[in-house]
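Visitor: I would like to go through this model with you and ask where each label comes from. Could you show it to me?

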Amino acid sequence: TRPGDVILVDASLAGPNGALVQSILASIPAKAAVLPPFFAAIQGRIDRVGSHARVIVVDYGDPLPAPGLRIGPFCGGLVTAGEPEVAQAFADGVNAALRDATPAHFTYLNAAPRFRGLDICGLGTAFFRPAGFGAPQPGGERGILHPNRIGQGIDAAVLAGRLHS
């Protein structure tokens, strides 16, 4: 490590030995390399079966609020200096990778704005909170910063809006 590097030490977030946030962010383009062949395989299957299916790619919401917008009862213990920026950089990187890899004949939908105000800080969140953090989810689910039932409903609404347009 170098001075100023941020290290994730929570095993549930970074693996058993922790990981440099910079390494995680830098890994997005390499991991995104699987997307073009994946999308090509989907198109190949559509072509082989003679389908007229449309492929819609929905992006990822922002689980943490933007800097300066940490409003809600659950931000105190989880959101520390630098975390919103890292979360935003990760979400932006994932969304850029999805957007860039989505072929022109597929549809890319930006769902992230629909998640505003439903981040992990508030009472009503669209994401799983880390285990042991705040109130349990309504169904008792456990997870880390992935869309919960509310978030999946938001994604479904964004998708349905496109299907009916």
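Guide: Here is a place to start with care: over residues 1–18 pLDDT (the predictor's confidence in each residue, from 0 to 100) stays under 50. For residues 1–18 the model has 22 contacts beyond four places in sequence, where contact means heavy atoms within 4.5 Å. Residues 133–138 also stay under 50 in pLDDT, with twelve such contacts. Where pLDDT is low, the predicted coordinates should not be read in detail.

Visitor: What rules were applied to the model as a whole?

Guide: This is a predicted model, in which local features need pLDDT of at least 70 and side-chain atom pairs count only at pLDDT 80 or more, while totals for chains, interfaces and linings use all residues. Residues are numbered from 1 along each chain as its sequence is written, and side-chain values use heavy atoms, with hydrogens and water left out.

Visitor: What is the mean pLDDT of the protein chain, and where is confidence lowest and highest?

Guide: The mean is 74, and 64% of the residues reach 70 or more. Confidence is lowest in strand S1 (residues 7–8), at a mean of 38, and highest in H3, at 93.

Visitor: How many helices and strands does the protein chain have, and what makes a run count as one?

Guide: There are six helices and four strands. They are DSSP runs numbered from the N terminus: H or I over at least four residues for a helix, E over at least two for a strand. From the N terminus on, the order is β-α-β-α-α-β-α-α-β-α.

Visitor: Why is Phe 39 with Phe 106 called an edge-to-face pair?

Guide: Rings of Phe, Tyr and Trp (its six-membered ring) pair if their centres lie within 6.5 Å; planes under 30 degrees apart count as stacked, over 60 as edge-to-face and the rest as tilted. The centres of Phe 39 and Phe 106 are 5.6 Å apart and their planes are at 80°, so the pair is edge-to-face. Phe 39 sits in helix H3 (residues 35–49) and Phe 106 in the loop between H5 and S4, 67 residues apart, so the pair links distant parts of the chain. By this rule the count comes to four aromatic pairs, and Phe 38, Phe 39 and Phe 106 form one aromatic cluster.

Visitor: How do you know whether Phe 39 and Phe 106 are buried or exposed?

Guide: Buried means under 20% relative accessible area, exposed over 50%, and partly exposed in between (1.4 Å probe, protein chains only). Phe 39 is at 5%, so Phe 39 counts as buried; Phe 106, at 6%, is buried too. Of the 165 residues of the protein chain, 35% count as buried.

Visitor: Why is Ile 24 called partly exposed?

Guide: Its relative accessible area is 26%, which falls between the two limits, so Ile 24 is partly exposed. Ile 24 lies in helix H2 (residues 21–32). Gly 153, in helix H6, has 35% and therefore also counts as partly exposed.

Visitor: What makes the approach of Thr 102 to Leu 98 a polar contact?

Guide: A polar contact is a pair of N or O atoms within 3.5 Å; within protein, one must be able to donate a hydrogen and the other to accept it, and residues adjacent in sequence count only if both atoms are side-chain atoms. The side chain of Thr 102 reaches the backbone oxygen of Leu 98 at 2.6 Å, so the distance is within the limit. Thr 102 is in the loop between H5 and S4 and, at 12% relative accessibility, counts as buried.

Visitor: Which polar contacts does Tyr 108 make?

Guide: Tyr 108 is found in strand S4. A polar contact of 3.4 Å joins the side chains of Tyr 108 and Asp 59, and the Tyr 108 side chain also reaches the backbone oxygen of Asn 95 at 3.4 Å.

Visitor: What makes a group of residues a nonpolar core?

Guide: The members are buried Ala, Val, Leu, Ile, Met, Phe, Trp, Tyr and Cys residues joined through side-chain atoms within 4.5 Å. In the largest such core, of 13 residues, Phe 115, Ala 126, Phe 127, Ile 154 and Val 158 touch the most other members. Helix H5 (83–101) and helix H6 (149–163) are the elements that give two or more residues to this core. A second, separate core of eleven residues includes Leu 35, Ile 46, Val 57 and Leu 98.
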